[in-house]
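Colleague: Could you walk me through this one? I'd like to look at it first and then ask a few things.

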Amino acid sequence: MGKLDGRVVLITGAARGQGEQEARLFAGEGARVVLADVLDGPGEALAKELGEGLGEGRAAYVHLDVTREEDWAAAVAAARERFGKIDGLVNNAGVLRFNELLSTPLEEFQAIVSVNQTGCFLGIKAVAPEIAAAGGGTIVNTASYTGLTGMAGVGAYAASKHAVLGLTRVAALELAAKGIRVNAVCPGAIDTPMSNPEGVDPAAAGALYRTLVPLGRIGRPEEVAALALFLTSDDSSYVTGQPFVIDGGWLAGVSLF
Ligand SMILES: NC(=O)c1ccc[n+]([C@@H]2O[C@H](COP(=O)([O-])OP(=O)(O)OC[C@H]3O[C@@H](n4cnc5c(N)ncnc54)[C@H](O)[C@@H]3O)[C@@H](O)[C@H]2O)c1
């Protein structure tokens with residue numbers, strides 16, 4: 001018995017990083033997963049691998065740029081045709097740029113908001129009716145610890161992630177009567193391509209996390225996937241509208257030693 005037996009879950013940004021681990025874990029827990037991304041090569045390869053390992057018909061890849069409403073409509077139609085329904089969504093796709101506010105070009109600000117915030121809104125809008133038609137289900141949005149606090153150098157990103165929490169709360173209120181629970185994960189520093197951009201020395205980053213994070217290390221994408229699984233499964237059946245911080249204790253307070 002898997003925790004997601006019989007479920008069909010669409011995961012955006014599923015080609016790598018946290019989305020990849022969510023797809024692997026959810027499929028292992030019995031879900032049929034729709035992997036959506038703009039990285040078609042890795043996304044298709046992962047869907048093939050999961051299908052070969054767990055059985056044909058367990059995973060499918062769709063090209064989905066979360067900023068494009070027409071892509072959402074096509075992805076939903078493809079998922080319905082392949083699996084008959086959708087009753088879970090993980091809005092995971094996201095982009096990060098480092099820039100101080102006063103140096104951030106408008107186009108860069110809007111590009112980040114477009115993926116992280118508008119993409120999340122479009123996902124809720126496109127998929128919630130499908131989940132309702134399936135008799136209810138779950139939406140997990142991916143915010144960040146910068147959805148709850150500030151961090152210099154990531155103004156556009158932090159603004160978009162604060163907005164994801166607003167969307168999460170309103171969606172939880174508006175969709176509860178349709179049997180849809182909506183929650184958000186707020187990861188701290190997690191070891192994925194996003195947090196390892198070119199030019200960052202891994203040794204220096206490791207030393208930084210040992211100092212800054214109470215648990216003394218960067219998080220693993222599998223750990224975020226486990227939280228997303230909790231929020232997607234019936235284990236969280238009385239939970240909706242909430243942000244869940246997963247950050248090794250970084251936001252707990254100020255460490256002096
Ligand atoms: N890694 C971290 O430290 C961290 C911390 C807090 C929050 N997050 C959030 O977690 C989520 C996953 O990030 P990650 O760390 O796995 O990063 P990642 O860069 O490894 O993965 C992000 C995925 O999103 C996809 N994507 C980007 N733009 C897209 C678009 N327009 N349409 C569809 N897919 C798109 C990418 O192709 C990629 O596969 C993001 O929302 C990110 O903001 C990450």
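**Ligand shell and sheet**

Colleague: How many residues of the shell around the ligand are charged?
Modeller: The shell splits into 14 nonpolar, 12 polar and 3 charged residues. Here Ala, Val, Leu, Ile, Met, Phe, Trp, Tyr, Cys and Pro count as nonpolar, Asp, Glu, Lys and Arg as charged, and the others, Gly among them, as polar. So by that definition, the charged count is 3.

Colleague: Before we go on, what am I looking at?
Modeller: Residues are numbered from 1 along each chain as its sequence is written. Local features need pLDDT of at least 70, side-chain atom pairs count only at pLDDT 80 or more, and totals for chains, interfaces and linings use all residues, since this is a predicted model.

Colleague: Which helix gives the most to that shell?
Modeller: There are 29 residues around the ligand, with Gly13, Gly17, Gly94, Thr192 and Met194 the closest. "Near" takes a C-beta atom, placed from the backbone, within 6 Å. Helices are DSSP runs of H or I with at least four residues, strands are runs of E with at least two, and both are numbered from the N terminus. The top helix, giving 3 residues, spans 17–28 and is α1.

Colleague: Which strands stand at the edges of the sheet?
Modeller: The open sheet has 7 strands, paired in parallel, in the order β3-β2-β1-β4-β5-β6-β7. Strands pair if DSSP finds at least two bridges between them. A single partner strand leaves one side without a neighbour in the sheet, so the edges are β3 (59–63) and β7 (243–246).

Colleague: In β2, what is the bridge partner of Thr12?
Modeller: Strands β1 (residues 8–12) and β2 (residues 32–37) run parallel, joined by 5 bridges. Opposite Thr12, the partner in β2 is Ala36.
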